[in-house]
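Let's take a walk through this one together, starting with the empty spaces inside and ending with a sheet. Keep the 3D view open as you read.

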Amino acid sequence: MQTSFSPEQLADPRTAEADRILKRCVHCGLCTAVCSTYVVLGDERDSPRGRIYLIKDMLERQGEREPTQEVRHHLDRCLTCLSCMTTCPSGVDYMHLVDAARAHIEERTVRSFKDRALRSVLAFVLPYPMRFRLALKAAGLGRPLIPLLERFGLKEVAAMLALAPKEGVSREGRFRGAGTAVTHSERRARVILMTGCVQPVLRPDINDATIRLLARRGVDVIVSHGAGCCGALVHHLGRETEAHHHARRNVDAWSKEVERGEVDAIIVNASGCGTTVKDYGHMLRHDPAYAARAARISALARDVSEFLYEYELGAPERWSSIRVAYHSACSLQHGQRVHDEPRALLKQAGFAVVDVPEGHICCGSAGTYNILQPEIAGELKARKQKNIRTTRADVVAAGNIGCMTQLAGGLDVPFVHTVELLDWAYGGPVPAGLEHLAPFVSDVPRPRRQVADYIET
């Protein structure tokens, strides 16, 4: 793609990077076939190619006019599922292009009061577990107001309340707070676990299962002081400064652990977070105080399935005839290019694994997308659930809390994290919601491995 940026514009690092990315696009249009919003809406401006043209025009005309409502509208409707990057034959770095464009828009435009208020609330609440837990407790009071909110045009608030779990806030996890799970086996690895922000509130069992499984197989698991939200939630809202704040805090916390002793990996079991942590080196590349450390942290980051695939787990302690539909989260298959590892692990653990049709199409979660764009997210959710039902599976497994929250409601098949099934197969408890499947799982006679001690610090 030919660009026409002035030398003055190219002096800005963000514009210079966008110029390099734009020049790789050859207008082939292959991205449109796999773009979830284009599949649903059929509007060229809601395809990667269309958005690239809009971004190019916006950046080339910076200084002449502010970003238009049209550009903001169509970029807001992008899921950032990154399916286009998997398909693109030219290697267009759409992820960093749209990130830069969103930051540019947020810095130079003023949204409506409703949009500003909603985005501020999301940025204030979701990255902080204590605030999020309190918000979920209050959500039960607001749920009866959903029809009224929709009637008065507050569809985003209604969507937010509808996503809150009806059964209330989950209990806190067994392994909570900073500390180390010390294995009772011979230590074969030492890792840091990113606990996250939303996941430990909605599904603390996921972190518990991760710690149990790793520690039982000879891995010391560290939960660091000071670490928190990865920054993805605010990053996709265009709040670059806030996203970098979260990234720096995690880099500081994890670098201290790396300095204390060898760390084999930083384990992330929410793939949306993993995509962002692996990008810290790029996010903080212009920060002389953090660039080198951030690159080191990104190099250590692994999705839990990625780490376990390379790690010798041995034979499972239980065997089953359970049929598992594997839902491949966009952030895992497109953002991190982790495709076969989760399936291979589930098969190795004795499960019958089937793929969900149209696996490249997003479920509509995409961080806060299902709140900010509820109509499109709802269409994608219905489409994905219909495809899941065709698998006739006993359970659905996924590697991202956002997908699980989005798809579980209204689906008559239980949804669990991949690591929960692996923990079960390798000696852990029955995952919550799968008690009815316990009769289909048989123990293999062999000595059980003891769960690790958790030493809080």
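What volume does the second largest cavity have? About 80 Å³. Keep in mind that this is a predicted model, so every value here is computed from predicted coordinates.

Let's stay with that second largest cavity for a moment. Its lining is made up of 13 residues, and if you want to find its centre, look for Cys35, Pro48, Arg51, Cys78 and Cys81, which lie nearest to it. Helix H3 (36-41), H4 and H6 are the elements that give two or more residues to this lining. Sorted by class, the lining residues of the second largest cavity come out as eight nonpolar, four polar and one charged.

Now zoom out. Rolling a probe the size of a water molecule over the atoms shows where empty space is left. Searching the whole structure turns up five cavities of 30 Å³ or more. The largest of them has a volume of about 150 Å³. Around the largest cavity you'll find 17 lining residues, with Cys25, Cys31, Ile52, Cys88 and Val92 lying nearest its centre. Two elements give two or more residues to this lining: helix H4 (48-60) and helix H6 (83-87). Of these, H4 gives the most, with three residues. As for the chemistry of the wall, the lining of the largest cavity has 13 nonpolar residues, three polar ones and one charged one. H4 and H6 should look familiar, since both also give residues to the lining of the second largest cavity.

Next, jump along the chain to the sheet. Strands of a sheet pair through backbone hydrogen bonds, either parallel or antiparallel. Here, four strands make an open sheet, and reading across it you pass E8, E7, E9 and E10 in that order, with parallel pairing. Strand E8 (352-355) and strand E10 (415-417) each have a single partner strand, so these two stand at the edges and one side of each has no neighbour in the sheet. Going from one strand to the next, the twist averages 35°.

For a closer look at one pairing, pick strand E7 (residues 323-327), which runs parallel to E8 and is joined to it by four bridges. A handy place to start is Arg323, whose bridge partner in E8 is Ala352.

And what lies across E7, strand E9 (395-398) and E10? That's helix H25 (residues 418-425), which runs at about 75° to E10.

Methods: Residues numbered from 1 in each chain as written. Predicted model: local features only at pLDDT ≥ 70, side-chain atom pairs only at ≥ 80, totals over all residues. Heavy atoms only, no water. 1 Å grid on protein atoms, 1.4 Å probe; cavity = no way out; pocket = protein on both sides within 12 Å on 5 of 7 lines; lining within 4 Å. Points joined across faces, edges and corners; volume = space filled by probe spheres on them. Nonpolar A, V, L, I, M, F, W, Y, C, P; charged D, E, K, R; others polar. Pairing = 2+ DSSP bridges. Axes fitted to C-alpha atoms, helices over the stretch in contact; angles between N-to-C directions. Contact = heavy atoms within 4.5 Å.
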